[in-house]
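Q: Please take a close look at the buried interior of this protein chain, and explain how individual residues are judged to belong to it or to lie outside it.

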Amino acid sequence: MILLGSTGSIGTQTLKIAKAFNLQVEVLCAGKNISLLNQQIQTFDPKIVVIADKNDLPKLQAKNCKVLFGMDGILEAIRNSQSLLVVNALVGLSGLRPSLYAKTYQKTLALANKESLVSGGWLFDDYPIIPIDSEHFGIWYLLNNRPIKELVITASGGAFRDMPLNLIYQQTKENALKHPNWKMGHKITIDSATMVNKLFELLETKWLFNTSRVSAIIEKSSSVHALIHFIDGSMTAHFSLPDMALPIAYALDPKKATQENIISSFPLEKLKNLHFESIDVQRYPIWQIKQELLNNPKLGAILNSANDILVHAFLENKILFGQIAENLLKIIEKFYNRTQNLNDIDSIFSLHQEIKQQITKTLDL
């Protein structure tokens, strides 16, 4: 396989599954965590290694493999490698171009990079993708060829799901990063608190399963990851412990995954406190654009770019929590008509730069 983002959370879990399944790793791509990358090289003996910065080359212990650098290196590795599986666990909009390269060179894409579909889902219309995500894996697991009324994914509710509404706006990152269920990366934890992450996942659901009949609901225990409403009135739900090893295993080798004990069995006694709540737009103001986003999914490019910049500013204590959603709504309104000009990857990145300049100027960042 080709593993992009090998030192991140998804990357390290992917390598654990690869080792358990005895799968060859031809390409490892990492950012700045060279010490961990060196350990991975020693264990998996890849033919190609890609690092972000040439200045880190002296720290790299990769005598028996080809070393490439930056985005050009990632694309060259995809183009020239023999592996037919690309696992894209990169973070941010930088993951879009490698995803398109996987498509161009007819490789199977196992995708953990949300931005690929959020900002450019229409570019993958004719290309089947294997999702590495608990919610989308849950939907895939439940599908059974019966007519569907609606696909539903679940949300934890984030750090402020129980906080009085009048206190949320002025919150800072220290409290926003206290996810009630688990510890994740900083950006996705903030996106969970604003509910932007669930908007991203709704767009991914639309593109992955070719339907706009999608919704989300809060399930605070994170025991249920997805549900399907069928036309006949019945419903199924996917229960499992919140462990990414399950979708990763099925992405790498679905046949082996069915025959292995990938994660611990779900303890049924946990279900005694199971309940669901609708997503309140007063608590999560960004949720008001949900239907508009599904009707005009190219808005995802605007949402993703603006959110990336605003969350970064929030994490640097330059804006308050409530200003994230407040300014997201303003940017979406301002750039709304620009979606008609989005027709290729270059136009997506060009719009990203315009949005960045607008936000920087408006908020004096």
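A: A residue counts as buried when its relative accessible area is under 20%, as exposed when that area is over 50%, and as partly exposed in between. Everything that follows describes a predicted model, and the values are computed from its atoms.

By that scale L268 is exposed, because its relative accessible area is 62%. L268 lies in the loop between helix 12 (254-259) and helix 13 (290-295), and its C-alpha atom is 20 Å from that of A245, which is 23 residues away in sequence.

With that outside case in hand, the chain as a whole can be set out. The protein chain has 16 helices and eleven strands. Its radius of gyration is 20 Å, close to the 21 Å that the globule rule gives for 365 residues, so the chain is as compact as a globular protein of that length. Taken along the principal axes, the C-alpha atoms fill a box of roughly 60 × 50 × 40 Å. Of the 365 residues, 53% count as buried. Where contacts join residues at least 6 apart in sequence, 64% of them link residues at least 24 apart. The accessible surface comes to about 17,100 Å², and 49% of it belongs to carbon and sulfur atoms. As for charge, the mean position of the 37 positive charges and that of the 34 negative charges are 3 Å apart.

Turning to the interior itself, the largest nonpolar core has 81 residues, and those with the most contacts inside it are I286, L303, I324 and I355. Helix 14 (residues 299-315) gives this core its largest share, namely eleven residues. For L303, once its neighbours within four places in sequence are left aside, the contacts are with L199, F200, I286, I289, L293, L328 and I332; among these partners is I286, which is itself one of the residues with the most contacts inside the core. Separate from this is a second core of 35 residues, which includes L85, F137, M244 and A257.

A251 gives a view of one buried position in a helix. The residue lies in helix 11 (residues 245-252), and it counts as buried because its relative accessible area is 5%, below the 20% limit. Beyond its neighbours within four places in sequence, A251 is in contact with L85, A110, I130 and I132, and L85 is one of the residues of the second core. A251 and V87 are 164 residues apart along the chain, yet their C-alpha atoms are separated by 8.6 Å.

Helix 3 (residues 70-80) offers another piece of the interior, with G73, I74, L75, A77 and I78 buried. These buried residues pack against four strands and a helix: strand 1 (2-4), strand 2 (27-29), strand 3, strand 4 (66-69) and helix 4 (96-104).

The loop between helix 10 (196-209) and strand 9 (214-218) shows how neighbouring positions can be classed in opposite ways. N210 is found in this loop and counts as exposed because its relative accessibility is 71%; its phi is positive, about 55°, although the residue is not a glycine. T211 lies in the loop as well, but it counts as buried because its relative accessibility is 15%. Leaving aside neighbours within four places in sequence, T211 is in contact with L151 and K206, while its C-alpha atom is separated by 21 Å from that of V224, 13 residues away along the chain.

A positive phi also appears at D45, where the angle is near 50° in a residue other than glycine. D45 lies in the loop between helix 2 (34-44) and strand 3 (48-51), and at 55% relative accessibility it counts as exposed.

Finally, L167 falls into the middle class. Its place is in helix 7 (residues 165-168), and it counts as partly exposed because its relative accessibility is 34%, a value in between the two limits. The C-alpha atoms of L167 and G322 are separated by 9.7 Å, although the two residues are 155 apart along the chain.

Key: Residues are numbered from 1 along each chain as its sequence is written. This is a predicted model: local features need pLDDT of at least 70, side-chain atom pairs count only at pLDDT 80 or more; totals for chains, interfaces and linings use all residues. Side-chain values use heavy atoms; hydrogens and water are left out. Helices (H or I, at least four residues) and strands (E, at least two) are DSSP runs, numbered from the N terminus. The radius of gyration is taken over C-alpha atoms; the globule rule is 2.2 Å times the number of residues to the power 0.38. Buried means under 20% relative accessible area, exposed over 50%, partly exposed in between (1.4 Å probe, protein chains only). Contact means heavy atoms within 4.5 Å. Accessible areas come from the Shrake-Rupley method with a 1.4 Å probe; for residues, only the protein chains shown count as cover. Lys and Arg count as positive and Asp and Glu as negative; His and the chain ends are not counted. The place of a charge is taken as NZ of Lys, CZ of Arg, CG of Asp or CD of Glu. A nonpolar core is a set of buried Ala, Val, Leu, Ile, Met, Phe, Trp, Tyr and Cys residues joined through side-chain atoms within 4.5 Å.
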